[in-house]
Every structure is written in C-alpha cells, then in structure tokens.
Amino acid sequence: MVCSFRGSATALVFLVVPALGAGSAAAQDGLSFTLGVGGQYAPSYFGSDSYEAAPTGKLSVQRLSLGPLQFGSADPYTEKLGFAPRGSFRIIGDRKAKDNPELAGLTDLKTSVEIGVGLGYEATDWRAFADLRYGVIGHESAVAEFGADWKAVSTPQFKLNIGPRLLYGSGRYNRTYFGVTAAESLASGLAPSTPDAGLVSAGIEIGASYDLGNAWALEGSLNYDRLRGDAANSPITDRGSRDQASASLVLTRRFSLGF
C-alpha cells in the first residue's frame, strides 16, 4: 500500500527519493539505503468493506555517489530543502472471487506493478510531492498521486507527519478496478459500469518513525481515504464501502555500501 500505499489488500511500496546535486570528486563512491519489512491491515481490495492482514515493506535510497555526481546526502538526518526529483514504486495485490464471494462473476485481477517518477519539495516544517506511475505489469494504465505533510514533530529520534493525499486514475485504471462489463454484469448480478478518468480517492495519512539506534528504526502509518467520483459510485463499491482505512508497521535498517 504504496510507499505506503493506501487502499490495497496487499501492497509493498518502494519510494526512492534522490536529491541531485554536485558532489565532491574526493567523496567516496557508495550507496546508502533503508530496507524494511513489516505488516499491514487494509481492505481486501479497492472498495471492500472487509479487511485482512498482509506483509508490506519499504525501500528508500538516501544517497548514491558516482564520481563527480552525488544523489542525496550521506547524513541520514539531513533533509535537503527545496525541489528534488523522486521515484515511485507500488505493488497492488491480486483480486480473486474465490477469496471474496461478493465478487463472484467478476474477472480475477492479477498483481500489478507500478513504476514512475515525481517531484517533491522539502521545507523545514512541511513537504509536498506529485508522482506519476504506470502499471508496467498488470493494469497497464496511469495513476497520479499528490500529497503534502506537516512535520508536526521532527527530532533525530522521533518524527511525526500528517497530511492530505489524493489519487487520480486514468480511465483504464478506473475501469480495471471499479468497472463491470456487460458479461460480468450477467454473471455477477452487478449493474454494468464504465468509469471514466478522474479522482479515485481523497484522504489523510499520519506517519511516524522512531530511531531505535544502531541504524534500526520503527516506521508506522495510519491512512484514511474516501473513494470519490466513479470509484465511489461503482457497483463494486456499493457492495463494500467508500471508506478505506489501513495501518502498517515496518522495522527498517539503514545500510551504507562503498564502491
């Protein structure tokens, strides 16, 4: 559930956030990144009113230094202020009727993998971002995600952020997860539905991290999203809920490798 992703039954989200700048030629080439694994509790599928536990994780790159170019900072506590490019990665779990009887008659959906890029802005007390991703595996369509955070608490040991989130889907994306074809309508009893491109959900995220020392940390998030537009009016959502909430907890460790 995207970096952390909100609203999918099984989501493993990788956020890669590089900051591009001129580095010192004398600086050692290397890579610094954070890897984490954990669990989440989230809706079984988009629009579901049933929840299930699933594994989740995180991968973020803080620094990549190659010769005269340096991405990010070697100091894990340094936040580079201003605009910076960012990468975005999201996995959406499969959807099967055998696991969700209310979806009987609908075509099963395979796991999707989204890859994209975005732009972020970092300030002392807040941050904002805009990401565009494409489903290279699975739904083969585009989504855009927008968000901002107020840094309510920001110390070397504990951080607490809160802010809004918006998810926009292309027509193909919305038809994949919220549409009902004529054949599916006959098989399932659901009314036909052909969603257009538009806002999928609007919500809020609360994220926190606690430094355990020795490069280890705990990161958690609470998310609430309300489905909007054609996603909210989908007959699939009518059998479930427009309200989508999730919670995750991940144990992370920071690694630094020299080249």
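**A walk through a predicted structure**

Good morning. I begin with the lining of the second largest pocket, where two residues are nonpolar, six are polar and three are charged. Please keep in mind throughout that the structure before you is a predicted model. The residues that line this second largest pocket are R95, T107, L109, R175, T176, G179, V180, T181, E184, S193 and T194. How much space lies in the second largest pocket? The volume is about 190 Å³. As a general point, empty space left between atoms is revealed by rolling a probe the size of a water molecule over them.

Let me now step back to the overall picture. The protein has 259 residues, and buried residues make up 44% of them. Its secondary structure consists of four helices and 13 strands. The exposed surface of the protein comes to about 12300 Å², with carbon and sulfur atoms supplying 63% of that area.

I turn next to a feature on that surface. A nonpolar patch of about 610 Å² is formed by F158, Y210, L212, W216, L218, L249 and L251. Which strands each supply at least two residues of this patch? They are β11, spanning 198–213, β12, spanning 216–227, and β13, spanning 243–258. F158, another member of the patch, belongs to strand β10, which covers residues 158–169. F158 has a relative accessible area of 32%, and it is therefore classed as partly exposed.

Between β11 and β12 there is a loop that deserves a moment of attention, and N214 is located in it. N214 is not a glycine, yet its phi is positive, at about 55°. A215 is found in the loop between β11 and β12 as well. A215 also has a positive phi, near 75°, and is likewise a residue other than glycine. Are these two residues buried or exposed? N214 is exposed, because its relative accessible area is 72%. A215, by contrast, is buried, because its relative accessible area is 18% and the cut-off for buried is under 20%.

I come now to the charged side chains. A search of the whole structure finds 13 salt bridges, and I shall present three of them. In one, the side chains of R90 and E114 meet at 2.8 Å, N to O. This pair links distant parts of the chain, with R90 in strand β6 (residues 82–92) and E114 in strand β7 (residues 112–122), 24 residues apart. R90 and E114 are both buried.

E114 has a further partner. With R133 it forms a salt bridge in which the closest N and O atoms are 2.8 Å apart. E114 lies in strand β7 and R133 in strand β8 (residues 126–137), so this pair ties together parts that are 19 residues apart in sequence. Why does E114 count as buried? The reason is its relative accessibility of 0%. R133 is buried too, because its relative accessible area is 2%.

The third salt bridge I wish to show joins the side chains of E205 and R165, at 3.6 Å, N to O. Here again distant parts of the chain are linked: E205 is in strand β11 and R165 is in strand β10, 40 residues apart. E205 counts as buried because its relative accessible area is 11%, and R165 counts as buried because its relative accessibility is 5%. Both residues also take part in something wider: E122, R127, D149, K151, R165 and E205 are joined into one network by salt bridges that share partners.

My last stop is P43, which is found in strand β3, residues 30–43. P43 has a relative accessible area of 0%, and it is therefore buried. How far apart are P43 and S246 in sequence and in space? In sequence they are separated by 203 residues, while in space their C-alpha atoms are 7.1 Å apart.

To close, I would ask you to take two items from this talk. One is the set of 13 salt bridges, including the two that involve E114. The other is the nonpolar surface patch of about 610 Å², to which β11, β12 and β13 each supply at least two residues. Thank you for your attention.

Terms used: Residues numbered from 1 in each chain as written. Predicted model: local features only at pLDDT ≥ 70, side-chain atom pairs only at ≥ 80, totals over all residues. Heavy atoms only, no water. Buried < 20%, exposed > 50% of the residue type's maximum accessible area, 1.4 Å probe, protein only. 1 Å grid on protein atoms, 1.4 Å probe; cavity = no way out; pocket = protein on both sides within 12 Å on 5 of 7 lines; lining within 4 Å. Points joined across faces, edges and corners; volume = space filled by probe spheres on them. Nonpolar A, V, L, I, M, F, W, Y, C, P; charged D, E, K, R; others polar. Patch = residues over 30% accessible without salt bridge, like charges linked within 9 Å, V, L, I, M, F, W, Y side chains within 5 Å. Areas by Shrake-Rupley, 256 points an atom, 1.4 Å probe, with all protein chains shown as cover. Salt bridge = Lys/Arg side-chain N within 4 Å of Asp/Glu carboxyl O.
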